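Biologist: I should be grateful for a close look at a single part of this structure, set within the chain to which it belongs. Please take the reader through it step by step.

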Amino acid sequence: MEAAKVDKNNEKDIHTDFINNMTYGEYLNLDKILSSQKRLSDHHDEMLFIIIHQVSELWMKLILHELNAAIDSIKKEDFQTSFKQLARVSKTQSQIIHAWDVLSTLTPSEYMEFRDHLGQASGFQSYQYRMIEFSLGYKTDHVLKIYKKDPELLNVLQEAYEKPGLYDVAINALAKAGLPVNPDLVNRDYTKTYESDDTVKEAWLTVYKNVDQYWDLYQLAEKLVDIEDWLQQWRFRHMKTVERIIGFKKGTGGSSGVNYLKSVLDHRFFPELWDLRTEI
């Protein structure tokens, strides 16, 4: 009891008068965030569906914020800063993966009660997810077509589509370190999805066999592996959650659903970093 009395006395300076000051809710714009869950049906579980996807988009916004910053840091050869930024990306990815655990509490019967209200809207159209793929070097143009209706957003997507990705600047860092990398890769057409190159694999092999000499590049490589590992785990959880809820039905956006999600599991963003593990 005495301890509780001391704690109460210590909290006498808590602010309660906000007539002329900013509150927590105002700082976070909670009125806008918490009023953005507009159900199109009367079904109880549509709220879960909306919130999970909105939260995931917020986490993706943070991932893009950190990825873009890391790309700039690597360009400047400020590797230590990039490591912190890429580590935050990986931690954020883990949060998105756990979101599937919550969504998987939605049963097939419950989802069918409001699925038709979605029309053709689908996570397949998530422009932030595609921008993450762009940042990792996987370029597809279907999202550019989807967002022709929004010229401002289309410009943002087009810029990301044409920019070098995280792996491009990592390969350039190999070249700057004097490792013999195919010069065609240094200023390649960044609208093309990156494909494996033997000179890049040999360069990374050199890094892994001479860790002390190339410590920064070695750490960078492992950060990249972390990000791809987490992304593939996200894709797998996505695929299994969709299968659990709708089986092998087509997606609302017109994709083949689970079959499409299975097919992208085979894509690798940083292929040489996986291939070299067999040769070390």
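Modeller: Let us begin with one residue, R115, which sits in the loop between α6 (108-112) and α7 (127-135). The model is a predicted one, and every value that follows is computed from it. R115 is buried, yet it forms no salt bridge. The nearest side chain of opposite charge belongs to D116, at a distance of 5.6 Å. A salt bridge requires a side-chain nitrogen of Lys or Arg within 4 Å of a carboxyl oxygen of Asp or Glu. If neighbours within four places in sequence are set aside, the contacts of R115 are I246, K249, K250, G251 and T252.

The loop that holds R115 leads to α7, the helix that deserves the closest attention here. Eight of the nine residues of α7 are buried, so this helix is largely enclosed by the rest of the structure. The term "buried" refers to a relative accessible area under 20%. The buried residues of α7 are Q128, Y129, R130, M131, I132, E133, F134 and S135. Which helices do the buried residues of α7 pack against? They pack against α4 (46-75), α8 (142-146), α9 (151-162), α10 (166-176), α12 (215-246) and α13 (258-264). Just after α7, G137 adopts a positive phi of about 100°.

A contrasting example is M22, found in the loop between α1 (2-10) and α2 (24-27). M22 counts as exposed because its relative accessibility is 56%, and the threshold for that class is over 50%. Together with Y24, Y27 and L28, M22 makes a nonpolar surface patch of about 500 Å².

These parts may now be placed in the whole chain. The chain contains 14 helices and zero strands. Of its 280 residues, 42% are buried. Its C-alpha atoms fill a box of roughly 65 × 55 × 40 Å along the principal axes. Among contacts between residues at least 6 apart in sequence, 71% join residues at least 24 apart. The chain exposes about 16200 Å², and carbon and sulfur atoms supply 52% of that area. As for charge, the chain carries 34 positive and 43 negative charges, whose mean positions lie 3 Å apart.

To return to the part examined first, R115 is a buried residue without a salt bridge, and the loop in which it lies is followed by α7, a helix with eight of its nine residues buried.

Note on methods:
Residues are numbered from 1 along each chain as its sequence is written. This is a predicted model: local features need pLDDT of at least 70, side-chain atom pairs count only at pLDDT 80 or more; totals for chains, interfaces and linings use all residues. Side-chain values use heavy atoms; hydrogens and water are left out. Patches are made of residues with over 30% relative accessible area and no salt bridge: like charges are joined within 9 Å, nonpolar side chains (Val, Leu, Ile, Met, Phe, Trp, Tyr) within 5 Å. Accessible areas come from the Shrake-Rupley method with a 1.4 Å probe; for residues, only the protein chains shown count as cover. Helices (H or I, at least four residues) and strands (E, at least two) are DSSP runs, numbered from the N terminus. Buried means under 20% relative accessible area, exposed over 50%, partly exposed in between (1.4 Å probe, protein chains only). Lys and Arg count as positive and Asp and Glu as negative; His and the chain ends are not counted. Contact means heavy atoms within 4.5 Å. The place of a charge is taken as NZ of Lys, CZ of Arg, CG of Asp or CD of Glu.
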